[in-house]
Amino acid sequence: MAQRTPQLQEPVLACLDGSPPREGREGKRERERERESFPLDTRKKEAERELPGRLLLGWSFLFLRAPLKGRGLGADAAAAAAAPEPGRRKEGRREGGGNAAALSREAMAEAPHPHPHRLRALLLLGLVLLVSLGVAEGEGEGESKRVVQKEAEFDRLYSESVNAALLDIYAFNHTVTRNRTEGVRVSVNVLSEQKETPVLFVVRQKEAVVSFQVPLILRGLYQRKYLYQDVSRTLCQPQTKKEVDTQFFYVDVSTLSRENASYQLRVTRVENFVLRTGEHFGFNATAAQPQYFKYEFPEGVDSVIVKVTSAAKFPCSVISVQDVLCPVYDLDNNVAFIGMYQTMTKKAAITVQKKDYPSHSFYVVVVVKTEDEACGGALRFYPYSKDEPVDQGNRLKTLDVVVSPAVTSQAYVGGMLFVLGVFLSFYLLTVLIACWENWRQQKKKRLGLLATMDTPSTETGAPPPPAPRITPDSFLGRPAFNSYSYGSFDNGSTASTENVTDSLLSTEASYSYTGQDPCQRRQRLWAIPMDRSLENMAGRPRLDSLSSVEEDDYDTLADIESDKNVIRTKQYLYVADLARKDKRVLRKKYQIYFWNIATIAVFYALPVIQLVITYQTVVNVTGNQDICYYNFLCAHPLGNLSAFNNILSNLGYILLGLLFLLIILQREINYNRALMRNDLQAVECGIPKHFGLFYAMGTALMMEGLLSACYHVCPNYTNFQFDTSFMYMIAGLCMLKLYQKRHPDINASAYSAYACLAIVIFFSVVGVVFGKGNMAFWIVFSVIHILSTLLLSTQLYYMGRWKLDSGILRRILHVLYTDCIRQCSGPMYVDRMVLLVMGNIINWSLAAYGLIMHPNDFASYLLAIGICNLLLYFAFYIIMKLRSGERLKLISLLCIVCTSVVWGFALYFFFQGLSTWQKTPAESREHNRECVLLNFFDDHDVWHFLSSIAMFGSFLVLLTLDDDLDTVQRDKIYVF
């Protein structure tokens, strides 16, 4: 071991001898280089220690100047003896003794020649000072820092010990090549357990300094301290412009402990420091031994995806992508400072674009966290002693990293063309079907005109015999009833009932639509006897202006109210019974659905767009990719958007929603034209045509696409309601439309409907925020759910002819006593009772499931309730339609079959579960998957494609479901 002796004795002894200090030029340069390598605090302490010696040197020259002259030495010799050496003068000035040396020389030049007795006294004083100085230096020698510098080698283990009086310096030289990057890793292990006085390691490089202490203490949640004895760090590699450059770096080892602290040091070269495209590389990492590697973009590759996998879920780790700059932030407490990063359990993936890194290279940094709470793990070591470090042992994680090229620009173009091609083909198909339907109608009209010319006069021709009617009771084993008695009760017809039914029945009421279409027959007869038909049509309403027409103008009359109570409580209802209001009133009433949802869409969408743009900006600025729950294995960025493919796939909702609006517009135009020409088929036949709800459904489908795209800009639990709000509206509007078909007069108003949907959305938000694990919330929600189901069932069963007031309990008890206790009679409305019983069973079961299981995804749970009720009502509608002798046209049947198949495939892709915000971001990434379509779209994108088509098909089913009734009189269409 090389030892450096104090530098004070030799100059002082030389001066006492009367000769200048002798030191070679090479020795001074070596000492200068040695001093340069010392830390700054070491050099300051050495200068302060040498300051008394320099003062003694100056005063010695001052008092020895006269005796030297008296002994016959010349002035030149005396001047030479008194002049300090230039190199020493420079060194003294640099180390803090320059001012003292200058003062001593000035005093020497101006001092008078001393007396011989005074000279001896002064020499004796100087000797005493010299002895005292030596004693003081000997006493303080234990506090001075002894520096040991070594020429060190790579891949060699150094086992040494340091204390407060010793500083070890290891000098390494490292050859850097411009075209080849090689990493250097420093590994240390302190064998002594000294928590209060750790060992400090300082690595000094040309352009960077890395320092750390061992034991290394890292902090976790609640300021917990975790202690690590074995530490390894990879050194940042500076760039070089030379072809080959040799660079030096030094490792300083020091401590403030008075006792020896044993340590082990090893410096190695990282052979696989540069990652290669498409090649897997495995490595280990701990919290105190982070790893990072370099990747350089090859020619022709503009975007890559960094994939890191691990077989073990814990310990939790962080994957970061940073620019090639020094220092590299590779500890748990600073890895989030720069670059992009995300937490990881088993999977992590980050897409990196070449344009974001000017050097066309980046570092992949892997850090193991001190705690697993960020990845969904439990907080260990709790409770703990305050400020007491915890030794976690070996938190080792084995990982594998691979860097693969991402999709090219051709994939972006192909994906956009695919989306546009698929959904614009629906426009082309709709145009072809419309042309075929128009041609078929024209052909039908020509055949009808020829048939009317060959039809004999009604005065000479006998009408065909009436066909037997098919009623719901015929399926239940009850005797059928004819059309003239459909308004009577089981106990006989009352006078009021007979009057109402007589006023509603037409002269052709006996004709069944199972045979020849009555409206078509009347239309043919109307074409020949023009005098009677014109007389009858003179009083028919036209499509007049909607101004000054209010629903209350007709509902507030006493006789109309009386008719409501009579008609709506009949055992068997027909559409004519519930289509008595003026069509202009109902048209205005249902148009409010469209205008309200359009207003809601504007006020809802604008802040949503602003919010998600802010989310995306925060992700881009901070680099924190845990904010958004993407499928990172198939997230293709474009511009500032992190997952453009998830946004693009929502275009189908918008395009198909617009197409549905165009179809409704065409139907409304044709219907209005028929009304303007007093077409009997449009006036008195078929389900009453009201298009306001259809317009609202189309608008809701478009808004679902827009808000779903906004949600996928940055999907997380705080904005999931953006994706589901209009789903609730679509489900509610579809149920309202089904109910409106047979109950046009008593359907809910737009204000009450949207108020109920607003309450649903409110519960959705509250459930997402407060519902997780909150028993009180689930109790309140379940009670409200069951009460709402009972109230809605009562409303539907009695057709709105009941009141919710203080006497409701008394009336309920009276009905139970009379119908269940006094006499056991079956329900008057069997079909409605069957539907409502099934609906209550399903809803009560869903409420019990929520109360017991507490599903984490409350928004999806609430949506499932709405979809189950919609499917139940739709199935009931289809069954009752077939039971009533009605049929499904080919286009309706085709839409039902195709839509059901598409819904099946769509739900398969939906339940793949590529991400979930009910878990931590790291746990959500465990569900990430590769792209499945065109190497650009994932399973959730396919769900977007198929669900938009399925919703469009479902709307077409509702639109064409009752097209078979367009030629059937309304007083022959059953209400169910």
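## Buried residues and helix α21

A residue counts as buried when its relative accessible area is under 20%. In this predicted model, helix α21 has the following buried residues: A750, A753, Y754, L757, I761, F763, S764, G767 and V768. Several helices take part in covering them, including α15 (583–622), α19 (692–713), α20, α22 (775–797) and α25.

The length of α21 can be checked with simple arithmetic. A rise of 1.5 Å a residue gives an expected span of 30 Å for its 21 residues, and the C-alpha atoms at its two ends are 30 Å apart, so the two values agree.

## The chain as a whole

The chain contains 28 helices and 21 strands. Of its 976 residues, 48% are buried. Contacts between residues at least 6 apart in sequence can be sorted by how far apart the partners are along the chain: 81% of them join residues at least 24 apart.

## Where α20 meets α21

Helix α20 covers residues 720–742, and helix α21 covers residues 750–770. Their axes come within 10 Å and cross at roughly 145°. The crossing is right-handed.

Which residues of α20 and α21 meet? From α20 come Q721, T724, S725, Y728, M729, G732, L733 and L736. Their partners in α21 are A753, Y754, L757, V760, I761, S764 and V765. Sorted by type, the residues of this contact divide into 10 nonpolar and 5 polar, with no charged residue. Some residues of α21 in this contact also appear in the list of buried residues, among them A753, Y754 and L757.

## Helix α26 and its two faces

Helix α26 runs from residue 890 to residue 910. Its 21 residues should span 30 Å at 1.5 Å a residue, and its end C-alpha atoms are 30 Å apart, which agrees.

The buried residues of α26 are S892, C895, I896, T899, A906 and F909. Why do they lie on the same side of α26? Around the axis they cover an arc of only 150°, and this puts them on the same side of the helix. A general feature of helices helps in reading such a list: an α-helix has 3.6 residues a turn, so residues three or four places apart point the same way. The cover over the buried residues of α26 includes α25 (858–883) and α28 (939–960). On the face turned away from the buried side, α26 carries the exposed residues L890, L894 and Y908.

## Helix α17 and the residue after it

Helix α17 takes in residues 651–676. At 1.5 Å a residue, its 26 residues should span 38 Å, and its end C-alpha atoms are 38 Å apart, so expectation and model agree. Just after α17, N678 takes a positive phi of about 55°.

## A strand residue with distant partners

N189 is part of strand β4, which covers residues 183–190. Leaving aside residues up to four places away in sequence, N189 touches Q229, D230, S262, Y263 and Q264. One of these partners, Q264, is 75 residues from N189 along the chain, yet the C-alpha atoms of the two are separated by 5.1 Å.

## Prolines in loops

Two prolines follow cis peptide bonds. The bond from F314 to P315 is cis, with omega near 10°, and P315 is in the loop between β15 (303–309) and β16 (317–323). The bond from C326 to P327 is also cis, with omega near 0°. P327 sits in the loop between β16 and β17 (340–344).

P827 belongs to the loop between α23 (808–822) and α24 (830–853). Is P827 buried or exposed? Its relative accessibility is 39%, so P827 counts as partly exposed. Apart from residues up to four places away in sequence, P827 touches Y797 and M833.

## Positive phi in loops

D155 is a residue other than glycine with a positive phi, near 60°. The loop that holds D155 runs between β1 (146–151) and β2 (157–162). With a relative accessible area of 48%, D155 is partly exposed.

L934 has a positive phi of about 60° although it is not a glycine. Its place is the loop between α27 (921–924) and α28. L934 has a relative accessible area of 47% and is therefore partly exposed.

Methods. Residues numbered from 1 in each chain as written. Predicted model: local features only at pLDDT ≥ 70, side-chain atom pairs only at ≥ 80, totals over all residues. Heavy atoms only, no water. Helix = DSSP H or I, 4+ residues; strand = E, 2+ residues; numbered from the N terminus. Contact = heavy atoms within 4.5 Å. Axes fitted to C-alpha atoms, helices over the stretch in contact; angles between N-to-C directions. Left-handed = near helix turned anticlockwise from the far one by under 90°. Nonpolar A, V, L, I, M, F, W, Y, C, P; charged D, E, K, R; others polar. Expected span 1.5 Å × (residues − 1). Buried < 20%, exposed > 50% of the residue type's maximum accessible area, 1.4 Å probe, protein only. Arc of directions from axis to C-beta.
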